[in-house]
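Please open the model in your viewer and keep the selection box handy. We will go from stop to stop, and each one tells you what to pick and what you will find there.

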Amino acid sequence: MGLLEETIRDTFAHRAGVPPATDGLADRAIAGAQRVRRRRSVVASAAAVLSVALLAFGALTVATRPGHQASDTAAGPTGAATLESTLPVEIVVDGTVYQSVDGRLRLPDLGAGSVQQVWRMATGYLVAMYVSGAQASASLWYVPTSDPLTNTPSMIENGEAVMVAAGTPQRPGIQVAWRDDAGVHVGVFIGGTVADTVTTQVPDVDLSGVDWSARLYPTTVVGGAVVLAGTATGSGLGVSDVWFPARGDYVSTAVAAPFSAMLAVTPDGEHIIGTYHPTKGDKASCLGEYDPDGFALVNQLCPSLFSLDGKLLPSPDGRWWLVIDPTQVRLYDAQRVWQGAGPVRTWPMAGVENGGWADGGTALLTTPDSVLVMRTDSAVLNEITLPDATTPPIVVADLR
Amino acid sequence: MAHESVDADFRQFVALRSAALLRTAYLMVGDWSSAEDVLQTALTKTYLAWKRLGEIEAVDAYARKVLVTTATSWWRRRWHGERPAETLPEHGGVDPSDAWVDREAMWRFVGTLPARQRAVLVLRFYEDLTETETARVLGINVGTVKSQSARALATLRQRLGASGIEPAARVRPRPAADTHVQEGVRDGSA
């Protein structure tokens, strides 16, 4: 462990040493829960007629707040939010999939753990479950929906981490990758199972004799490569490597190219968008688009327009970039980013955690207790609150 | 009768776990009073979900996830924009050492980090979660955990350095390889 990390541990341990007495916590929590239930009951009664109408369209609409206005209003309407009668993409809230067309689907009991990610397939869903604690593990389940008589869920794979990604020209078909004690595996999901599996061993220590290690997990597929990522112990810095299953070679980006962190995959699945530092020790970062094969820079911008402290979501047609950071959401014209153009719109808003694009013009963003609908032709983010949600909503990735 | 049983089980869970959860909340929001508010919110949600959670292990994991989510969003709303004091407070404790200064400075600078970065540090260095576990608790991907952790550490290192504090130098000599790795290898610019 590094000395900085030791000081952090020491600081936390001293600070949190002896908490003050907290009498009556359980009583207050129970009383609070009862108030929530009473409020739900009142809201449910008042909204009954509205709910029937909305659910007929498969909508999840519990409440709305005024729309969040972008700082640039030239291109869109202004005013209060309008109620969304349908969801542009599917989301999962508390184990229920709210479908954009068919209504609701309650996910079956998939055993211990919590739902982490969900992918929509032509014949059902793939669901990643995670169990935390000392025996932490991940599992991938297939929940078929095409035939109600045979919709029994089945566990596809399990291990320390699982991942699903869209296929690429070099690796066609829906890609499933996972890590377990035997190594890292990748295969193609077909017919309710994973076929054509290839396995590699990932070295935990791979840094030119430096006493530094990182446990890497598959995160996505780009071109013909599986991208693996992890955090190096002793430094806390990110590590991203690439593995080409068809060729069998494994490349550590630590020695291959200037590369700090992967931000996204281009919509065609061919390139990585990431950051790098132009010179040794430089705090400023540059933006780069990489071909994973050799990590050649296809596009670069120095310094980067934005200091990414969150997520970058490219639209499926490659036209837009949606950038989420802790205090704001920004929309960029992807074709103009590399020329240094600033955001088309900025929504100052904290709390946005994740999101996904429904099509080239619509995206859904999630906060711990709401979803926001963003349209590229509007300056207003329409927010749908989920006051009853006990877990943050999850955007379903559509791989059909 | 079933209702009373749920209440009894819930009270037992709170008695067993509230102190630990309160500590985590405190590290995330910065003061005990706010931490108690966050914990109560998390416990209310946990109680509402009690019946479907079932096993105590699932309850514990759920409570922690809700706590972290609540603390993170709360902290974003309430702490955003706060800046550290320019000078450290007078030392009135019983630990007249450089370590005390390091901890005070570290605590102040941790309080200026973005909510998610602070949450990552608490989960990684206080709760001792792996990066995959941290990602699951925060509902983010592993890549984001590693980048948030790296940014947080870099920020703390820079701010400590700017304040003339070198915890590494006082606590123990920094290995030469450490400097090399942090500054060059991962950037590929060596």
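How many bridges pair strand 10 of chain A with strand 11 of chain A, and in which sense do the two strands pair? Select residues 175–180 and 183–190 of chain A: the two strands pair over six bridges, in the antiparallel sense. Before going further, please keep in mind that this is a predicted model.

**Stop 1: the sheet around strands 10 and 11**

Stay with this pair and pick A:W178, then look across to strand 11 of chain A, where A:H185 stands opposite. Now widen the selection to the whole sheet, which is open and has four strands in the order 9-10-11-12 of chain A, paired antiparallel. At its edges stand strand 9 (161–165) and strand 12 (193–200) of chain A; each has a single partner strand, so one side of each is left without a neighbour in the sheet. If you compare neighbouring strands here, they are turned by 20° against each other on average, with direction ignored. While side chains are displayed, a general point helps with reading them: in a regular strand they alternate between the two faces of the sheet.

**Stop 2: a second sheet in chain A**

Next, select strands 2, 3, 4 and 30 of chain A. They form an open sheet of four strands with antiparallel pairing, in the order 4-3-2-30. Strand 4 (103–106) and strand 30 (394–395) of chain A are the edge strands here, and each has a single partner strand, so one side of each lacks a neighbour in the sheet. Zoom in on strand 3 (residues 96–99) of chain A, which runs antiparallel to strand 4 of chain A and is joined to that strand by four bridges. One residue to click is A:Y98, whose bridge partner in strand 4 of chain A is A:R104.

**Stop 3: a hairpin**

Move on to residues 261–265 of chain A, which are strand 18. Is this strand enclosed or open? Five of its five residues are buried, so strand 18 of chain A is largely enclosed by the rest of the structure. Add strand 19 (residues 272–276) of chain A, and you have an antiparallel pair with four bridges. Click A:A264 to find its bridge partner in strand 19 of chain A, A:I273. The two strands form a hairpin with six residues between them, and in the turn A:G269 has a positive phi of about 75°.

**Stop 4: A:N382**

Still in chain A, select A:N382, which lies in strand 29 (residues 380–385). Is A:N382 buried or exposed? Count the C-beta atoms around A:N382: there are 20 others within 10 Å, so the residue is buried. Then draw a C-alpha to C-alpha distance from A:N382 to A:L364, and you should get 9.7 Å, for two residues 18 apart in sequence.

**Stop 5: chain B as a whole**

Switch to chain B and colour by secondary structure. Chain B has 10 helices and zero strands. Of its 190 residues, 48% are buried. Taking contacts in chain B between residues at least 6 apart in sequence, 62% join residues at least 24 apart.

**Stop 6: crossing helices in chain B**

Select helix 6 (residues 115–125) and helix 8 (residues 142–162) of chain B; their axes come within 9 Å and cross at roughly 95°. The two helices are therefore roughly perpendicular to each other. To show the contact, pick residues including B:V120 and B:L121 from helix 6 of chain B, and B:V145 and B:Q148 from helix 8 of chain B. Helix 6 of chain B is mostly covered, with 11 of its 11 residues buried.

Now add helix 7 (residues 131–138) of chain B, which packs against helix 8 of chain B at an angle of about 105°, with the axes 8 Å apart. These two helices are therefore roughly perpendicular as well. Their contact is made by B:E131, B:T132, B:T134 and B:A135 of helix 7 of chain B, together with B:V142, B:V145 and B:K146 of helix 8 of chain B.

**Stop 7: the largest nonpolar core**

For the last stop, select A:I91, A:L322, B:A25 and B:L67, the residues with the most contacts inside the largest nonpolar core, which has 138 residues. Helix 1 (residues 2–29) of chain B gives the most to this core, with eight residues. The core also draws at least three residues from each of domain 1 (1–81) and domain 2 (95–173) of chain B. Finish on B:L67, whose contacts include B:L21, B:A25, B:V38 and B:A42.

Note on methods
Residues numbered from 1 in each chain as written. Chains lettered and ligands numbered in written order. Predicted model: local features only at pLDDT ≥ 70, side-chain atom pairs only at ≥ 80, totals over all residues. Pairing = 2+ DSSP bridges. Core = buried A, V, L, I, M, F, W, Y, C linked by C-beta atoms within 7 Å. Buried ≥ 20, exposed ≤ 12 C-beta atoms within 10 Å, placed from the backbone. Domains from an automatic or database assignment. Contact = placed C-beta atoms within 7 Å. Axes fitted to C-alpha atoms, helices over the stretch in contact; angles between N-to-C directions. Parallel < 35°, antiparallel > 145°, perpendicular 65-115°, else oblique. Lists of a residue's contacts leave out its neighbours within four places in sequence.
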